[in-house]
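Dear colleague,

Please find below the structure that I am passing on to you, together with its sequence. My notes on what was found in it follow directly after.

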Amino acid sequence: MTGSNLQDNKIDPLTKAREILRNYPLCDHCLGRLFAKMGLELGNDERGKAIKTLLAMQLHVEHRNGKIDREELRKYAINAGDPITRLYAKIYDEEIKANKCYVCGNKISREYFNKHAEKIYRMLKEYDASTFLIGVSLPQEVSLRELEVASNLNLETSESIKNEIKREVGKIIKKKYGLEPDFTYPDVVVIINYSDETLNVIINPLLFHGVYWKRGRNISHTIWISRSGVKEYPYSIEEFLNDNLNKIFDSEKIIHHASGREDVDARMLGTGRPIVVEVKKPKRRKVSLEELNKILHKQLIEVCLTGKSSHSVIEYLKGEGSKKTKIYKLLFYTEKPLEEPIIRKLELELKNRIINQRTPTRILRRKKDYLRKKRVYEVKIKKIHGQVYEALIKCDGGLYVKELVHCDNGRTSPCFSEILKMGAYPIELDVIGVEVDGYINVEKCYEYVHQS
Ligand SMILES: [Zn+2]
């Protein structure tokens with residue numbers, strides 16, 4: 001036996017059980033549970049039955065020696081039931097019926113466990129679950145009765161009724177049906193309502209991480225409905241995922257979590273952007289990554305999934321991950337053609353430069369106004385045609401790049417217009433690089449995309 005607080009000189013199950021059974025009717029399970037931490041690989045009913053058997057033997061001897069009378073023996077028989085009722089019937093030729101268990105009202109039994117295990121298994125199968133966790137919702141009055149009995153004797157050896165139900169039902173599901181309990185992230189959590197014996201089920205979402213590419217413009221992340229109730233953009237990543245994956249997972253819906261997001265009119269090319277795809281309430285869980293990637297390998301939007309994910313990856317993508325370095329390719333034009341020296345000046349002045357940026361005017365309606373400081377690491381400029389130029393910009397995530405060009409009425413500084421001393425205007429923007437650390441194996445995606 002483990003547990004340092006269980007001092008063996010204090011534990012005499014028979015004496016304690018005798019005290020309890022004199023006052024409370026208890027079934028084998030509820031009696032045995034008071035001594036659950038004694039002995040391994042035993043059911044509480046086995047413990048309870050063994051103690052009652054020993055007690056019957058003890059009472060028999062005492063009765064024979066005249067130490068207890070009929071009334072006393074009757075008390076134990078009524079509270080403990082078999083085998084003391086058998087002993088009593090043999091001695092006094094009177095059948096007596098035992099009282100119902102004070103804690104469970106005779107609800108707990110092997111049949112009870114089996115019945116629930118089967119019901120739960122059918123439910124787990126319906127949701128294609130391989131792992132599960134069982135919970136029990138117990139009415140307060142049962143907990144109180146249980147505590148009352150246990151506290152009467154200051155027993156440190158007992159376990160709760162909840163625990164017994166969870167463990168025994170879980171054991172049957174594992175042994176009989178081969179499904180595994182998982183205490184950290186089970187596919188499905190089933191709660192047994194003790195009072196009415198119904199089941200509540202919580203289906204954990206499936207999470208996958210990977211990257212996405214958006215090779216067209218005017219594609220939003222989520223379906224964007226305007227105030228007048230009209231769809232603002234023809235297509236979204238959300239629709240792409242739901243259109244392609246809902247059917248295969250037989251799921252309620254698919255949502256996604258990305259590490260930052262590009263403007264609706266910007267494309268996401270190059271490395272792609274890290275993403276976690278969350279499949280809500282799937283009825284099919286065993287789908288291979290190969291199968292998924294084949295489905296998601298499309299032209300306009302493409303998603304490549306590299307593995308099962310977790311909530312900590314979502315947290316990372318939304319937090320630290322979103323601050324990682326980004327690389328943009330931006331087309332812009334200027335009021336007048338730029339001479340070579342001024343281009344070099346622009347590049348030099350923005351090298352490793354902190355940019356002060358207030359929330360852009362265009363999004364002030366949705367986001368609160370504050371000053372952010374972001375670093376531009378490098379800007380490379382190439383003339384395309386006439387007054388049109390291409391800039392490659394490497395900077396901290398979270399910098400609004402269009403504003404870096406046109407200055408947003410001085411709300412972003414320094415910026416292209418300010419350094420060039422003339423108007424500079426962004427035409428098109430592409431994100432071509434999003435830095436990720438070990439969380440997502442991007443290399444695997446590149447291999448995949450290049451192969452096919
Ligand atoms: Zn009971």
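For the helix packing described next, an axis is a line fitted to C-alpha atoms, taken for a helix over the stretch in contact, and an angle runs from 0 to 180 degrees between N-to-C directions. Please bear in mind throughout that this is a predicted model.

On that basis, helix α8 (residues 161-177) lies across β1, β2 and β3 (188-193), and runs at about 150° to β1. The end C-alpha atoms of α8 are 23 Å apart, which agrees with the 24 Å that its 17 residues should span at 1.5 Å a residue. Buried residues in α8 are Ile161, Glu164, Ile165, Glu168, Val169, Gly170 and Ile173. Gly178, just after α8, takes a positive phi of about 75°.

The sheet beneath this description is an open one of four strands, in the order β2-β1-β3-β4, with mixed pairing. Because β2 (180-181) and β4 (199-203) stand at the edges with a single partner strand each, one side of each is left without a neighbour in the sheet. The pairing of β2 with strand β1 (residues 131-137) is parallel and rests on two bridges; in it, Glu180 of β2 is the bridge partner of Thr131.

A further set of strands involves β12, β13 and β14. Strand β13 (residues 371-385) runs antiparallel to β12, to which six bridges join it, and Leu371 in β13 is the bridge partner of Arg358. Strand β13 is also joined to strand β14 (residues 388-395) by eight bridges, again in the antiparallel sense, with Ile381 opposite Ala391 in β14. The hairpin of β13 and β14 has two residues between the strands, and Gly386 in this hairpin takes a positive phi near 50°.

Turning to the interior, the largest nonpolar core has 51 residues, and Tyr212, Val277, Leu330 and Ile393 are those with the most contacts inside it. This core lies between domain 3 (206-322 + 437-451) and domain 4 (325-434), because both give residues to it. Setting aside neighbours within four places in sequence, Ile393 is in contact with Tyr328, Leu330, Val376, Val379 and Val401. A second, separate core has 42 residues, including Leu21, Val103, Leu124 and Leu179.

Some backbone details in the loops may also interest you. Two peptide bonds that precede proline are listed here. The bond from Asp82 to Pro83 is cis, with omega near 5°, and Pro83 is placed in the loop between α4 (70-80) and α5 (84-92). The bond from Ser413 to Pro414 is likewise cis, with omega near -10°; Pro414 is in the loop between β15 (412-413) and α14 (416-420).

Positive phi values also occur in residues other than glycine. Asp250 has a phi near 50° and lies in the loop between α9 (237-249) and β8 (253-258). With 14 other C-beta atoms within 10 Å, Asp250 is partly exposed. Asn352 has a phi near 55° and is found in the loop between α12 (340-349) and β12 (353-358). With 8 other C-beta atoms within 10 Å, Asn352 is exposed.

With kind regards

Technical notes. Residues are numbered from 1 along each chain as its sequence is written. This is a predicted model: local features need pLDDT of at least 70, side-chain atom pairs count only at pLDDT 80 or more; totals for chains, interfaces and linings use all residues. A residue is buried if 20 or more other C-beta atoms lie within 10 Å of its own, exposed if 12 or fewer, and partly exposed in between; C-beta atoms are placed from the backbone. A nonpolar core is a set of buried Ala, Val, Leu, Ile, Met, Phe, Trp, Tyr and Cys residues joined through C-beta atoms within 7 Å. Domain bounds come from an automatic or database domain assignment. Two residues are in contact if their C-beta atoms, placed from the backbone, lie within 7 Å. Two strands pair if DSSP finds at least two bridges between them. The expected span of a helix is 1.5 Å times one less than its number of residues.
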